[in-house]
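Me: I'm new to this one and would like a quick tour. Can you put it up so we can go through it together?

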Amino acid sequence: MTPEQIATVDAYKAYNVPAQWFIGTPDTDGRIEVIALGGDFIWSLIINADGTYASSEAPLGEFSTGIEV
């Protein structure tokens, strides 16, 4: 990760919201995807090498595989 990408992730981590953080592999342009999975939400960040990013957030509900036994 570039220093700018790390700064972007650190800015989100500064909210001190409990979450598990997952960092993807950089693509050919240096862009990475970072996912923060909390107890009832998910954040998705697509971060360019220069630290600019696009984000989205979604609430999580009860998980179901859709398989009934």
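**Helix and sheet**

Reply: Helix α1 lies across β1, β2, β3 and β4, and runs at about 160 degrees to β3. Axes here are lines fitted to C-alpha atoms, for helices over the stretch in contact, and angles run from 0 to 180 degrees between N-to-C directions. The helices (H or I, at least four residues) and strands (E, at least two) are DSSP runs, numbered from the N terminus.

Me: Anything I should know about the model and the numbering?

Reply: This is a predicted model, where local features need pLDDT of at least 70 and side-chain atom pairs count only at pLDDT 80 or more, while totals for chains, interfaces and linings use all residues. Residues are numbered from 1 along each chain as its sequence is written, and side-chain values use heavy atoms, with hydrogens and water left out.

Me: OK, what order do the strands of the sheet come in?

Reply: The order is β1-β2-β3-β4, in an open sheet of four strands with antiparallel pairing. Two strands pair if DSSP finds at least two bridges between them. The edge strands, β1 and β4, each pair on one side only. On average, neighbouring strands of this sheet are turned by 15 degrees against each other, direction ignored.

Me: And what holds strands together in a sheet?

Reply: Strands of a sheet pair through backbone hydrogen bonds, either parallel or antiparallel.

Me: How many bridges are there between β2 and β3?

Reply: Six bridges, with β2 (residues 32-37) and β3 pairing in the antiparallel sense. V34 has L45 in β3 as its bridge partner. A hairpin of three residues joins β2 to β3.

Me: How about β3 and β4, how many bridges there?

Reply: Seven bridges, again in the antiparallel sense. I47 has Y53 in β4 as its bridge partner. These two strands form a hairpin as well, with five residues between them, and G51 in the turn has a positive phi of about 95 degrees.

Me: Back to the helix. Which residues of α1 are buried?

Reply: Q5, T8, V9 and Y12. Buried means under 20% relative accessible area, exposed means over 50%, and partly exposed is in between (1.4 Å probe, protein chains only). Seen down the axis of α1, the buried residues fall within an arc of 95 degrees, so they line one face of the helix. That arc is taken from the directions from the helix axis to the C-beta atoms.

Me: What do they pack against?

Reply: The buried residues of α1 pack against β1, β2, β3 and β4. Contact means heavy atoms within 4.5 Å.

Me: How many residues of β3 are buried?

Reply: Five of its seven, so β3 counts as mostly covered.

Me: Let's pick one residue there. Where is S44?

Reply: S44 is in strand β3 (residues 41-47). S44 counts as buried because its relative accessibility is 16%. Leaving out residues up to four places away in sequence, S44 touches E33, V34, I35, A54, S55 and S56.

Me: Which side chain makes a polar contact with S44?

Reply: That of E33, at 3.2 Å. A polar contact is a pair of N or O atoms within 3.5 Å; within protein, one must be able to donate a hydrogen and the other to accept it, and residues adjacent in sequence count only if both atoms are side-chain atoms.

Me: New topic: how many aromatic pairs are in the whole structure?

Reply: Six. Rings of Phe, Tyr and Trp (its six-membered ring) pair if their centres lie within 6.5 Å; planes under 30 degrees apart count as stacked, over 60 as edge-to-face and the rest as tilted. One of the pairs is Y12 and Y53, with ring centres 5.8 Å apart and planes at 85 degrees, so it is edge-to-face. This pair links distant parts of the chain, with Y12 in helix α1 (residues 3-13) and Y53 in strand β4 (residues 53-59), 41 residues apart.

Me: Is Y12 buried or exposed?

Reply: Y12 is buried, at 14% relative accessibility, and Y53 is partly exposed at 44%. W21 and W43 form a tilted aromatic pair, 6.1 Å centre to centre with 55 degrees between the planes. W21 is in strand β1 (residues 20-23) and W43 in strand β3, 22 residues apart.

Me: Which residues form the aromatic cluster?

Reply: Y12, Y15, W21, F41, W43 and Y53 form one cluster.
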